[in-house]
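Okay, everyone, thanks for coming. I've got one structure to walk through today, so let me put it up.

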Amino acid sequence: MGIGRSKQTTRHYYNQSTQSFFETVFGDQIHPPMVDQPEYWFDPNKWKDGARLSSKQLIELAGLTVPQKILDVGCGIGGVARQLVIEFGHQVTAINKSDLQIKRAIELGNNGIQYCLMDAQVLAFADNTFDSAVCMNMSYHVDRKKLFKELSRVVRPGGILALDDWVTTDLTTTEIYNWLMTQWCPDGSYGFGSLKQYRSDLKLNQWREVAFLDLTNIGAKYLTNESIFQNAYNAFFNNAVNEFGKYGDITLSEMLINLAITGLLYREGMLKYIQMVAKNVA
Ligand SMILES: C[S@@+](CC[C@H](N)C(=O)[O-])C[C@H]1O[C@@H](n2cnc3c(N)ncnc32)[C@H](O)[C@@H]1O
């Protein structure tokens, strides 16, 4: 389990990997395809489409289907932000800590999106600036209490927070927690929380849960050794890693093993993948 990766900042990690490994594997959306359709998992060229469907699932769960002012928090290279504009007509401001990802997001098409280099824990926006906020697979990088507090300030009362993320469970051991932190949360200062912690931190910061999807079974079912090691992923990841090799941070075998362990954790009940919607009751 001890695959070494040195501690680094989130900015450095995402700066390094952009336009290489992540973009080759995930397209413009940097999160897994949490949809119950095998083609998105077993055909590596479709991972990208599955990732997009996964975002659509959250956007629809949150009822964000009528144009409004949305903050996309931890926006990667703008895939979700563009989807919010193009498919749903929203007015989007997107923030990220990675300057290179913002540069790449703009290269891929601005679409009227306002990009800001900003830490999600200290938002430089006035109170009630947004109708809603979307955090797609990013909250494990930050102090949730600070994030939810800032979001309840910049999103208007009655506004919506749409969250998608990994969460730990009562079964997650310290060793597994440390592994998750090392492999998926490179800055290591905050990170993975349990569903219970998410719920209590949301409540503490004036967010009331209004919808919830547990997608763990999808990860458990499809993130298997077969899907990872025995199909085109090998060739696909090889290409991606050759590209990524330029930045020299992670190897093909590390990524395959990380994915295999993550699938196992879903099956063992030590990791969950959830989408959650909360309303600002401030
Ligand atoms: C797994 S990626 C998800 C990107 C995007 N939401 C998507 O789904 O395509 C996590 C993102 O969170 C950003 N991030 C991490 N910590 C952050 C922080 N403190 N403030 C703003 N963005 C942050 C990273 O730079 C990265 O873009």
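**Around the ligand**

Let's start with the ligand. There are 23 residues around it, and the ones that come nearest are Gly74, Gly76, Ala120, Met138 and His141. As for which elements give two or more residues to that shell, those are helix H1 (10-17), helix H5 (79-88) and strand E2 (91-96). If you like to think about chemistry, the shell splits into 9 nonpolar, 12 polar and 2 charged residues.

Before anyone asks, yes, this is a predicted model.

Now the chain as a whole. It has 13 helices and 7 strands. Out of 282 residues, 48% are buried. And take the contacts with a separation of 6 or more: 73% of those are between residues 24 or more positions apart.

Let me zoom in on one residue, Tyr273, which sits in strand E7, residues 271-280. So, is Tyr273 buried or exposed? Tyr273 has 24 other C-beta atoms within 10 Å, and the cut-off for buried is 20 or more, so Tyr273 counts as buried. What does Tyr273 touch, leaving aside neighbours within four places in sequence? Its contacts are Met34, Trp166, Leu215, Thr216 and Gly219. One more pair to look at here is Tyr273 and Leu213: they're 60 residues apart along the chain, and their C-alpha atoms are separated by 8.6 Å.

Okay, backbone oddities. I have a couple of residues with positive phi that aren't glycines.

One of them is Asn137, with a phi of about 50 degrees, and it's not a glycine. You'll find Asn137 in the loop between strand E4 (130-136) and helix H7 (144-154). Asn137 is buried, because it has 25 other C-beta atoms within 10 Å.

Then there's Gln206, again not a glycine, where phi is positive at about 70 degrees. Gln206 lies in the loop that runs between helix H9 (195-204) and strand E6 (207-214). What about burial for Gln206? Here we have 17 other C-beta atoms within 10 Å, which falls between the exposed limit of 12 or fewer and the buried limit of 20 or more, so Gln206 is partly exposed.

So, putting those two side by side: Asn137 is buried, whereas Gln206 is partly exposed, and each has a positive phi without being a glycine.

That's what I had. Happy to go back to any of it on the screen.

Technical notes:
Residues are numbered from 1 along each chain as its sequence is written. This is a predicted model: local features need pLDDT of at least 70, side-chain atom pairs count only at pLDDT 80 or more; totals for chains, interfaces and linings use all residues. A residue is near a molecule or strand if its C-beta atom, placed from the backbone, lies within 6 Å of it. Helices (H or I, at least four residues) and strands (E, at least two) are DSSP runs, numbered from the N terminus. Ala, Val, Leu, Ile, Met, Phe, Trp, Tyr, Cys and Pro count as nonpolar, Asp, Glu, Lys and Arg as charged, and the others, Gly among them, as polar. Two residues are in contact if their C-beta atoms, placed from the backbone, lie within 7 Å.
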